[in-house]
Amino acid sequence: MHSSATVLAVVPARAGSKGIPGKNLRTVGGRSLVRRAVESARLAASIDAVVVTTDGDAIADEARASGADVVRRPADLAGDQASSESALLHVLDEREAAGTAPPEVLVFLQATSPFIDPDDLDAAIARVRDGHADVVFAATPSHAFLWRVASDGSASDGAAVAVNHDAATRPRRQDRAAEYRETGAFYVMRTDGFRQHRHRFHGRIELRVVDPAGAIDIDDESDLSQAEALAAAQAEELTAAQAEALATNLDPTPTRAAPALNGAP
């Protein structure tokens with residue numbers, strides 16, 4: 001990994017989690033969620049550096065052991081109401097304050113998506129880097145008929161309302177154009193556009209369609225069980241070449257480690 005990253009991957013991983021306590025350090029297939037995200041980024045050929053932003057000591061230790069740099073996140077950016085964008089902007093600010101040139105491309109990875117394919121990251125980065133898109137995010141096809149429950153205080157309050165279809169028409173799956181569900185696994189964006197808009201979606205937005213089988217986002221224990229079952233069914237393990245690549249490129253010296261401003265567990 002280079003000290004001046006043209007493509008920088010950032011993994012936000014705060015210590016607090018209400019749904020699953022200590023979620024980011026829970027394991028799938030014998031590897032923590034933080035480690036899995038870091039290693040996916042490090043195995044992508046296009047990514048020059050990986051940073052984990054966290055308020056937790058144990059997460060920081062796991063991130064460094066996985067080969068990532070660490071930026072310590074202040075308390076006001078680590079609460080339930082803090083946005084992911086604020087954490088990303090803080091990382092960019094901290095690195096630039098330390099004299100590191102801003103990256104051309106920013107890759108936002110979520111540790112709660114345990115099956116991020118490095119090839120998908122490389123493909124998405126290429127679209128942004130080559131100027132075809134300003135943002136590319138992971139999505140999976142969906143042909144679901146969606147409904148919502150009306151809550152407008154009218155006579156229809158509580159009634160089911162069709163959202164993405166005409167309830168009186170039931171076309172076959174093959175006759176419906178696919179819609180796409182945002183998986184949350186990764187967002188690749190031009191850094192200057194993100195800086196300008198302060199939001200992950202700006203300019204021309206494209207999809208990177210990923211394998212639906214691995215499009216799991218860990219929110220509760222049932223999601224974790226599903227991910228563990230999938231990893232076991234796949235007999236998942238790093239290939240010898242991947243393990244060698246990770247070991248060869250391991251850099252234990254963090255680029256930036258600002259002091260924690262809140263008590264980390």
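**Exercise 1. Determine which residues contact S113, leaving aside its neighbours within four places in sequence, in this predicted model.**

Solution. With neighbours within four places in sequence set aside, S113 is in contact with T183, G184, A185, I216 and D217. The next step is to locate S113 in the chain: the residue sits in the loop between β6 and α4. The last step concerns accessibility. The relative accessible area of S113 is 5%, and buried means under 20%; therefore S113 is classed as buried.

**Exercise 2. Establish the strand order of the open sheet of seven strands and identify its edge strands.**

Solution. The order is β5-β4-β1-β6-β10-β7-β11, and the pairing is mixed. β5 (69–72) and β11 (205–209) each pair on one side only, and these are the edge strands. From one strand to the next, the twist averages 30°.

**Exercise 3. Describe how β1 pairs with β6 and with β4.**

Solution. Begin with β6. Strand β1 (residues 7–12) pairs with strand β6 (residues 105–109) in the parallel sense, over four bridges. Within this pairing, A9 has V107 of β6 as its bridge partner, and V10 stands opposite F108. Turn then to β4: β1 and β4 run parallel and are joined by five bridges. Here L8 has A49 of β4 as its bridge partner.

**Exercise 4. Decide whether the faces of β1 are covered or uncovered.**

Solution. In a regular strand, side chains alternate between the two faces of the sheet. On one side of β1 are V7, A9 and V11, and on the other are L8, V10 and P12. All of these residues are buried, and both faces are thus covered. The count for the strand is six buried residues of six.

Two helices may then be placed against the sheet. Helix α1 (residues 33–43) lies across β1, β4 (49–54) and β6, running at about 155° to β4. Helix α4 (residues 118–129) lies across β1, β6, β7 (135–142), β10 (179–190) and β11, at about 65° to β10.

**Exercise 5. Identify the residues that touch the most other members of the largest nonpolar core.**

Solution. This core has 44 residues, of which I47, V52, V107, L109 and F186 touch the most other members. Its largest share, five residues, comes from α1. Another core, of 17 residues, lies apart from it and includes A49, V71, V91 and A139. To examine one member of the largest core, take V107: not counting residues up to four places away in sequence, V107 touches V7, L8, A9, V10, L121, I125, Y187 and V188.

Methods: Residues are numbered from 1 along each chain as its sequence is written. This is a predicted model: local features need pLDDT of at least 70, side-chain atom pairs count only at pLDDT 80 or more; totals for chains, interfaces and linings use all residues. Side-chain values use heavy atoms; hydrogens and water are left out. Two strands pair if DSSP finds at least two bridges between them. Helices (H or I, at least four residues) and strands (E, at least two) are DSSP runs, numbered from the N terminus. Axes are lines fitted to C-alpha atoms, for helices over the stretch in contact, and angles run from 0 to 180 degrees between N-to-C directions. Contact means heavy atoms within 4.5 Å. Buried means under 20% relative accessible area, exposed over 50%, partly exposed in between (1.4 Å probe, protein chains only). A nonpolar core is a set of buried Ala, Val, Leu, Ile, Met, Phe, Trp, Tyr and Cys residues joined through side-chain atoms within 4.5 Å.
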